[in-house]
Amino acid sequence: MAVRLTRLDPTGADREALIDFLTTEEFPFHVRRRIDRADAECGIDAGAWRDDEHDSFWVDSDERGRVGVLRLEDLEDPVPLFDLRIAGAHRGQGFGVQALRAATDHVFRTLPEVTRFEGQTREDNTAMRRTFLRAGWVKEAHYREGWPVPGGEPLASIGYGVLRRDWASGTTTPVPWDDEPA
């Protein structure tokens, strides 16, 4: 059940499909659970899905069809980020791990100046936290009360990263957590 990333054209041929995906799905662990049409259109028109800093891809499965969307962010920085959204009907089936691995491969194969790739999720998104670990990423940060929750108390934002050298070698460099000065 492999996935592939299919580059999407957010301002052209894929515009309506992207708007439909964003406005009909609920994203319970994102800052905004629901996106209305006006906000989706505004983001697309402002370049949030394709410009010098962003690129976007459909997450496609041979068996299940289109299962999600991946947006790469901060592409002009040495450490890009990503936003992964799997459709509700396809969550919990391993597509997140495959999509994150495909995204990691894409970033390190096409952006030679990038030495690390990172992402964040909120502390209660245990599925995404497991996804990071299963994809070979390492927990690097725990920002207490760093994730705003509309109508609720802020939660911790958990940061993960993968190094190019770890991706290339298939190893994992641990974080030196016990290096605090006495």
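**Exercise 1. The three-stranded sheet and its helices**

Which strands does helix α4 (residues 126-134) lie across, and at about what angle to β5 does α4 run? Describe the sheet and place the helices on it.

Solution. The model is predicted.

Step 1. Helix α4 lies across β5, β6 and β7. Its direction is at about 160 degrees to β5.

Step 2. These strands make up an open sheet of three, ordered β5-β7-β6, with antiparallel pairing. At the edges are β5 (116-122) and β6 (138-147), each of which pairs on one side only. From one strand to the next, the twist averages 20 degrees.

Step 3. Between β6 and β7 (residues 155-163), six bridges make the antiparallel pairing. One position to inspect is His142, which stands opposite Ile158 in β7.

Step 4. Helix α3 (residues 95-110) also packs on the sheet, where α3 touches β5 and β7. The direction of α3 makes about 150 degrees with that of β5.

**Exercise 2. The four-stranded sheet**

Give the strand order of the sheet that contains β1, and identify its edges.

Solution.

Step 1. The order is β1-β2-β3-β4, in an open sheet with antiparallel pairing.

Step 2. The edge strands are β1 (3-7) and β4, since each of these pairs on one side only. The average twist between successive strands is 25 degrees.

Step 3. Five bridges hold the antiparallel pair β1 and β2. Among the positions to check is Thr6, whose bridge partner in β2 is Trp58.

**Exercise 3. The nonpolar cores**

Which residues of the largest nonpolar core touch the most other members, and which element gives the largest share?

Solution.

Step 1. The largest core has 28 residues, and those touching the most other members are Leu70, Leu72, Phe82, Phe117 and Trp137.

Step 2. At least two residues come from each of β2 (55-61), β3 (65-73), β4 (81-86), α3, α4 and β7. The largest share is that of α3, with seven residues.

Step 3. Take Phe82 and set aside neighbours within four places in sequence. Its contacts then include the core members Leu70, Leu72, Phe117 and Trp137. Phe82 is also in contact with Arg71, Leu100, Glu118, Gly119, Met128 and Phe132.

Step 4. A second core, separate from this one, has 14 residues, including Phe27, Ile44, Trp58 and Ala87. Trp58 is thus found again here, after its appearance as the bridge partner of Thr6.

Step 5. As general background, nonpolar side chains in soluble globular proteins tend to be buried together.

**Exercise 4. Salt bridges and burial**

For the pairs Arg32 with Asp39, Asp60 with Arg66, and Glu73 with Arg71, state the N to O distance and classify each partner as buried or partly exposed.

Solution.

Step 1. The whole structure contains 16 salt bridges. In general, side chains of opposite charge can pair when their charged atoms come close.

Step 2. Arg32 and Asp39 form a salt bridge at 2.5 Å. Arg32 has 39% relative accessibility and is partly exposed. Asp39, at 35%, is partly exposed.

Step 3. Asp60 and Arg66 meet at 3.1 Å. Asp60 is buried because its relative accessibility is 6%, with buried meaning under 20%. Arg66 has 38% and counts as partly exposed.

Step 4. Glu73 and Arg71 meet at 3.2 Å. Glu73, at 19%, falls under the 20% cut-off and so counts as buried. Arg71 is buried at 13%.

Step 5. The Glu73 and Arg71 pair is part of a network: salt bridges with shared partners join Arg71, Glu73, Asp83 and Arg85.

**Exercise 5. The surroundings of Arg116**

Where does Arg116 lie, is Arg116 buried or exposed, and which side chains does it meet in polar contacts?

Solution.

Step 1. Arg116 belongs to strand β5, which is one of the edge strands of the three-stranded sheet.

Step 2. The relative accessibility of Arg116 is 17%, so Arg116 counts as buried.

Step 3. Its side chain makes a polar contact of 2.7 Å with the side chain of Glu118. A polar contact of 2.7 Å also joins the side chains of Arg116 and Glu140.

Step 4. With residues up to four places away in sequence left out, Arg116 touches Pro78, Val79, Pro80, Phe108, Glu140, Gly161, Val162, Leu163 and Arg164. Glu140 therefore appears both in this list and among the polar partners.

Terms used. Residues are numbered from 1 along each chain as its sequence is written. This is a predicted model: local features need pLDDT of at least 70, side-chain atom pairs count only at pLDDT 80 or more; totals for chains, interfaces and linings use all residues. Side-chain values use heavy atoms; hydrogens and water are left out. Two strands pair if DSSP finds at least two bridges between them. Axes are lines fitted to C-alpha atoms, for helices over the stretch in contact, and angles run from 0 to 180 degrees between N-to-C directions. Contact means heavy atoms within 4.5 Å. A nonpolar core is a set of buried Ala, Val, Leu, Ile, Met, Phe, Trp, Tyr and Cys residues joined through side-chain atoms within 4.5 Å. Buried means under 20% relative accessible area, exposed over 50%, partly exposed in between (1.4 Å probe, protein chains only). A salt bridge is a side-chain nitrogen of Lys or Arg within 4 Å of a carboxyl oxygen of Asp or Glu. A polar contact is a pair of N or O atoms within 3.5 Å; within protein, one must be able to donate a hydrogen and the other to accept it, and residues adjacent in sequence count only if both atoms are side-chain atoms.
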